[in-house]
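Got your viewer open? Here is a short walk through the model, with a suggestion at each stop for what to select next.

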Amino acid sequence: MAEPLLATDRLVKRYGGLLATDNVSIEVLPGEIHALIGPNGAGKTTLVGQLTGNVSPDAGTIRFAGRDVTRLPTHARVRLGLARSFQITAVLREFTALDNVALAVQAHAGHSFRFLADARRDETLRGPARRGLADVGLAARADTPAAALSHGEQRQLEIAMALAGDPRLLLLDEPMAGMGAEESQHMVAFLRSLKGSRAMLLIEHDMDAVFQLADRITVLVYGRVIASGTPAEIRTNAAVRQAYLGEGAV
Amino acid sequence: MIASLRTPRGLATALLLVLLAVLPLLTQAFDQRYLLSIGTRIVIWAIAAVSLNMILGYGGLVSFGHAVFFGVGGYAVGILSYHDVSSGWIQWPVGIVVAALWATVVGALSLRTRGLYFIMITLAFAQLVYYIAVGLEAYGADDGLNIGRSRFGGLIDLRDKASFYWLCFVLLCGTLWFCGRFANARFGLVIRGAKSNDLRMTALGFPVFRYRLAAFALSGAFGGLAGVLLANEGAYISPAMMSWVKSGDLIVIVVLGGMGTLFGPLYGTVAFFVLEESLNPLLDLLHKGWGEYWQVVFGPLLVLVALYARGGIASLFGTPDRENGHG
């Protein structure tokens, strides 16, 4: 078996008496789409926060690309190739779509202590940014302020920003949230087109999308991993059916 | 730097800059020396306002202690001058560098906080320096200190009011030029991006804290320059130059003029001083002694700007020109 790209080892996070993350060990292999599912309050957001570096775990370790990143700040993890999209759309609303992606490109183009040259005329930033926008189908919207984009377009823009640094792992926090059926299918097709080129950890409520995309699925309930396996295994897992799918999601 | 003379904004800005450039000729022609001294203070305050705008307008960091850099720059000149180091070649760089270093110290601590805490910490640091200056008996304590003006060999005589004004004006132009470049350079875009959504910027891989700290230091350096000039303008330093009221005035100026626009702080400074200088005698005309209360009129004017012209004076001249950094 290949060395996992991302691996957590018995990760623990407490909030007062609440065990939000209870000895969670998960692995994401290079190139795979690994889905993380669980009912509301299962601790998905807390886990994501620890992976990105916004929340520090009380115990356990996180390894990424062969390094212990448990105490590494967010921006340093991104530099190693761990990019993310947000559950609640987070784009720079005052900037155009192209500016948004150009800034994402800039984040990976060395330091930004450059005070004089006009970054908006810098083809080393604009070129890749334009291609990134085209990849997610937003080429025609390059000069539109991000705030004026539709919800679905903003989600696409987020993915373009996350992809700009050519990350090794893409952490997608509910990329389909708030999308209509057609937009969702669009996104599923796009994510599938990325499959194999980079690993993805997909946190998603849309079960159709999860079962279409994922190579492996981990199920989180009350902060604990109750099952992990292929979509077929998860579908037939009794504990999962009882704890989660029993709610009528599938 | 000026977008275009065809836009109302460009035209207004060009007219204002030309007016400022020839001000000493006008005040001489009409024999109004007093006006030149107001003009000098406007230009110096505009430099400070532009420097505050770098972090407040572009960075979204409400620093409520910016006048401290008037004090740091001013006292650097004053203290050196008191000890017979009268060369501007030494005084000025010391004033600017010490201001930048102090900004770095303040930034390193305050930038870890947000919102109201950030405002309170920047204010607290400014008050700290203020009271240190009040306690400096050797340098006049509360009363301040009369100092000699900086000397630049035979290059320029700062005692000549017009020469000094022009020097300040050139430095203001340089500050504006830098700010215009900075706002659209990689560094400026990081600062502005962090104002828009700092979480997103961190998630893109930017160590936001580091960039904000650098912006703070940069802003402090230009603020220090303004302080150096202010000390030379009056040949006098005192703790009053960095009282928290002055810090408040600077915020008012930037908000009044237009936050995050290149020329907004300049409009704001001119408006602030012109209103102060004109409301004063106007009110005195109405009733002797009322002039003192000019802010009773100024306050409601500010409320009107806050309610109806959110972009400040800069927004009155048409839509922002993004290409030129009026984000």
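How many helices and strands are there in chain A? Keep in mind as you look that this is a predicted model. Color chain A by secondary structure and you should find nine helices and 11 strands. The radius of gyration of chain A is 18 Å, close to the 18 Å that the globule rule gives for 250 residues, so chain A is as compact as a globular protein of that length. Turn the C-alpha trace of chain A onto its principal axes and the spans come out at about 60 × 40 × 40 Å. Color by burial next: 45% of the 250 residues of chain A count as buried. If you draw the contacts in chain A with a separation of 6 or more, 66% of them come from residues 24 or more positions apart.

Now bring chain B into view and select the contact between the chains. Chain A puts in 28 residues and chain B 22 residues. On the chain A side, look for helix 2 (74-80) and helix 3 (97-107), each of which supplies at least two residues. Sorted by class, the side of chain A that touches chain B has 14 nonpolar, seven polar and seven charged residues.

Next, hide chain A and select residues 33-56 and 244-257 of chain B, which are helix 3 and helix 10. The two pack at an angle of about 75°, and their axes are 9 Å apart. That angle makes helix 3 of chain B roughly perpendicular to helix 10 of chain B. Show side chains where they meet: helix 3 of chain B brings Ala48(B), Ala49(B), Leu52(B), Asn53(B) and Leu56(B), while helix 10 of chain B brings Leu250(B), Ile251(B), Ile253(B) and Val254(B). This contact has eight nonpolar residues, one polar and no charged.

Stay on helix 10 of chain B. Its 14 residues should span 20 Å at 1.5 Å a residue, and the end C-alpha atoms are 20 Å apart, which agrees. Is helix 10 of chain B mostly covered or mostly uncovered? Mostly covered, with 10 of its 14 residues buried. Among the buried ones are Lys246(B), Asp249(B) and Gly257(B). To see what the buried residues pack against, switch on helix 3, helix 4 (68-82), helix 6 (115-135), helix 11 (264-286) and helix 12 (295-308) of chain B. Then step just past the end of helix 10 of chain B to Gly258(B), where phi is positive at about 130°.

Pick out Ile251(B), which sits in helix 10 of chain B. Ile251(B) has 20 other C-beta atoms within 10 Å, and 20 or more is the cut-off for a buried residue, so Ile251(B) counts as buried. Leaving out residues up to four places away in sequence, Ile251(B) touches Leu56(B) and Phe64(B). Try a C-alpha distance to Val62(B): the pair are 189 residues apart along the chain, yet separated by 8.2 Å.

For the last stop, select Tyr58(B), in the loop between helix 3 and helix 4 of chain B. Tyr58(B) is buried, with 25 other C-beta atoms within 10 Å. Beyond residues up to four places away in sequence, Tyr58(B) touches Asn53(B), Ala183(B), Gly188(B), Ile191(B), Arg192(B), Lys195(B) and Gly260(B). Finish with a C-alpha distance from Tyr58(B) to Gly39(B): they are 19 residues apart in sequence and 26 Å apart in space.

Terms used
Residues numbered from 1 in each chain as written. Chains lettered and ligands numbered in written order. Predicted model: local features only at pLDDT ≥ 70, side-chain atom pairs only at ≥ 80, totals over all residues. Contact = placed C-beta atoms within 7 Å. Helix = DSSP H or I, 4+ residues; strand = E, 2+ residues; numbered from the N terminus. Nonpolar A, V, L, I, M, F, W, Y, C, P; charged D, E, K, R; others polar. Axes fitted to C-alpha atoms, helices over the stretch in contact; angles between N-to-C directions. Parallel < 35°, antiparallel > 145°, perpendicular 65-115°, else oblique. Expected span 1.5 Å × (residues − 1). Buried ≥ 20, exposed ≤ 12 C-beta atoms within 10 Å, placed from the backbone. Rg over C-alpha atoms; globule rule 2.2 N^0.38 Å.
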